[in-house]
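Thank you for making the time this morning. I would like to walk you through one model, beginning with the place where its chains touch and then turning to how each chain is built.

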Amino acid sequence: MEFYPERGVVLSPERLEKTEAFLAGMGLRYEGGADYTVQLVSESGEILGNGSLCGNVLKYIAIDERLQGEGAALTVVSGLIEEAYRRGITNLFLFTKAANEMLFRGVGFYTLAATREVCFMENSRSGLARWLSSVPKFECVTGAAVMNCNPFTLGHRYLIETAASEVPELYVFVVSEDKSRFGFEERLELVRRGTEDLKNVHVIPSGPYMISKATFPTYFIKDTANVESIYASLDLTLFAQKIAPALNIKRRFVGTEPYCAVTRNYNEIMKELLPRYGVEVTEIERKGGISASLVREAIDRCDIDTLRGLVPESTLDHIIERYF
Amino acid sequence: MEIKKTGVAGTMESSDIIVRIEPKETEGIELELESAVMQQYGRQIEKVIRETLSELGVTKAYVNATDKGALDCTVAARTQAAAYRAAESTDFVWKFGGVK
């Protein structure tokens with residue numbers, strides 16, 4: 001069947017509607033965020049293929065069955081990669097159904113981690129190894145905690161202090177994405193300042209290899225009820241298979257989660273999955289009455305007295321300087 | 001030639017190759033190659049990329065290449081272009097009369 005590639009498609013309301021309908025027909029949900037789109041269209045204007053670039057992630061890749069075969073898919077995907085490079089975005093990622101893994105191998109993507117439902121790929125075979133080589137290493141057994149710290153509270157401090165007393169060296173990975181109220185650099189700096197006195201604590205940017213819930217795309221997952229579990233299994237599989245062995249991480253620390261069902265579910269999957277790879281999971285009882293969301297609410301009310309009870313001095317100074 | 005930033009050249013069209021060169025702190029060229037004709041020509045493509053970089057005096061770089069069946073002259077040209085871009089260099093010496 002004849003098709004014509006269209007690069008840099010403008011998703012006008014009308015075109016967007018057609019695109020959404022096409023994707024829906026292919027079992028995908030459009031959830032926004034397309035910075036650049038390549039489509040394949042028929043002579044009559046029917047959409048036969050689609051792919052979009054969203055930041056440094058390739059998304060919404062679908063080809064009408066009538067065109068399937070490498071040529072059409074390659075046209076879409078290479079169009080996205082070439083445009084990303086033109087824009088100076090050279091480190092690319094994608095999430096796909098396991099069935100499409102081979103297609104993306106052919107355009108230079110390598111699998112970082114795969115579960116039954118989803119495969120996480122990067123356009124570099126050595127990206128993860130390069131990130132790992134930038135992390136300080138220790139001969140001894142280490143522990144790890146992965147935290148967002150939006151912003152750093154006395155609760156985070158308590159968790160880190162407790163964990164650091166149980167292992168010789170502790171990695172604190174701060175989630176590197178900018179979808180939180182406090183920017184990444186800001187969060188990282190506050191964690192560093194707030195743990196300066198703990199000599200065996202190493203605060204490290206998580207890089208792209210600890211998948212943030214905020215950036216995990218769900219548009220290709222049919223089983224919407226299990227999106228959270230699918231996300232958790234993928235993120236934890238990557239951690240257990242590739243990150244923990246390279247850094248000699250034998251323990252992972254996490255706060256207990258009394259409120260949020262999603263985080264609780266994540267912790268449950270962690271407790272099930274990590275021990276299979278020799279990583280022991282320790283839940284640390286959360287300090288009552290402290291949470292980053294209470295801090296953000298107190299900032300909105302300009303309530304310094306409440307803040308004093310929630311955050312360490314280093315965070316308080318920053319908040320007063322920056323937000324008052 | 002010193003690699004200062006990421007440089008890319010080429011496309012994923014048939015008979016072309018896309019080459020990405022990135023800075024590396026330690027000595028050595030670390031090459032990852034994916035090719036439609038890996039079995040038959042993988043080694044030859046790698047040889048051309050390494051020789052081209054060596055001629056340019058590039059000794060420290062990460063190189064990622066996705067080949068779609070490019071001829072040697074194309075592989076060399078794309079590697080050169082990516083290296084010059086990555087080195088932010090424009091003093092390219094045109095070799096008339098083809099590649100040796």
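How many residues does the contact take from chain A, and how many from chain B? Before I answer, please keep in mind that this is a predicted model, and that everything I say is computed from it. The contact takes 12 residues from chain A, and chain B brings 11 residues to it. On the side of chain A that touches chain B, the element that gives the most is helix α2, residues 70-86, with five residues. If we sort that side of chain A by class, we find four nonpolar residues, five polar ones and three charged ones.

Let me take chain B next. It has two helices and four strands, and, read from the N terminus, the elements follow the order β-β-β-α-β-α. The radius of gyration of chain B is 13 Å, close to the 13 Å that the globule rule gives for 100 residues, so chain B is as compact as a globular protein of that length. Along the principal axes, its C-alpha trace spans about 35 × 30 × 20 Å. Of the 100 residues in chain B, 40% are buried, and if we take the contacts in this chain with a separation of 6 or more, 75% of them are between residues 24 or more positions apart.

Now to chain A, whose secondary structure comes to 11 helices and 12 strands. A compact globule with 324 residues would have a radius of gyration near 20 Å, and the 22 Å of chain A agrees with that. Its C-alpha atoms fill a box of roughly 65 × 45 × 35 Å along the principal axes. Buried residues make up 40% of the 324 residues in chain A, and, for contacts in chain A with a separation of 6 or more, residues 24 or more positions apart account for 69%.

Within chain A, I would like to dwell on strand β4, residues 57-63. Why do we call this strand largely enclosed by the rest of the structure? The reason is that six of its seven residues are buried. With strand β3 of chain A, residues 47-54, β4(A) pairs in the antiparallel sense over five bridges, and in that pairing A:G49 stands opposite A:I63 of β4(A). The hairpin of β3(A) and β4(A) has two residues between the strands, and there A:G55 takes a positive phi near 60 degrees. β4(A) also pairs with strand β5 of chain A, residues 93-96, this time in the parallel sense and over two bridges, with A:L58 standing opposite A:L94 in β5(A).

Finally, there is an open sheet of five strands in chain A, in the order β10-β9-β8-β11-β12, and its pairing is parallel. Its edge strands are β10, 201-205, and β12, 280-284, each of which pairs on one side only. On average, and with direction ignored, neighbouring strands of this sheet are turned by 25 degrees against each other. Which strand of this sheet pairs with β8(A), residues 142-147, over three bridges? That is strand β11 of chain A, residues 249-255, in the parallel sense, and there A:R252 is the bridge partner of A:A144.

With that, I am happy to go back to any part of the model on the screen.

Notes
Residues are numbered from 1 along each chain as its sequence is written. Chains are lettered from A and ligands numbered from 1 in the order in which they are written. This is a predicted model: local features need pLDDT of at least 70, side-chain atom pairs count only at pLDDT 80 or more; totals for chains, interfaces and linings use all residues. Two residues are in contact if their C-beta atoms, placed from the backbone, lie within 7 Å. Ala, Val, Leu, Ile, Met, Phe, Trp, Tyr, Cys and Pro count as nonpolar, Asp, Glu, Lys and Arg as charged, and the others, Gly among them, as polar. A residue is buried if 20 or more other C-beta atoms lie within 10 Å of its own, exposed if 12 or fewer, and partly exposed in between; C-beta atoms are placed from the backbone. Two strands pair if DSSP finds at least two bridges between them. Axes are lines fitted to C-alpha atoms, for helices over the stretch in contact, and angles run from 0 to 180 degrees between N-to-C directions. The radius of gyration is taken over C-alpha atoms; the globule rule is 2.2 Å times the number of residues to the power 0.38.
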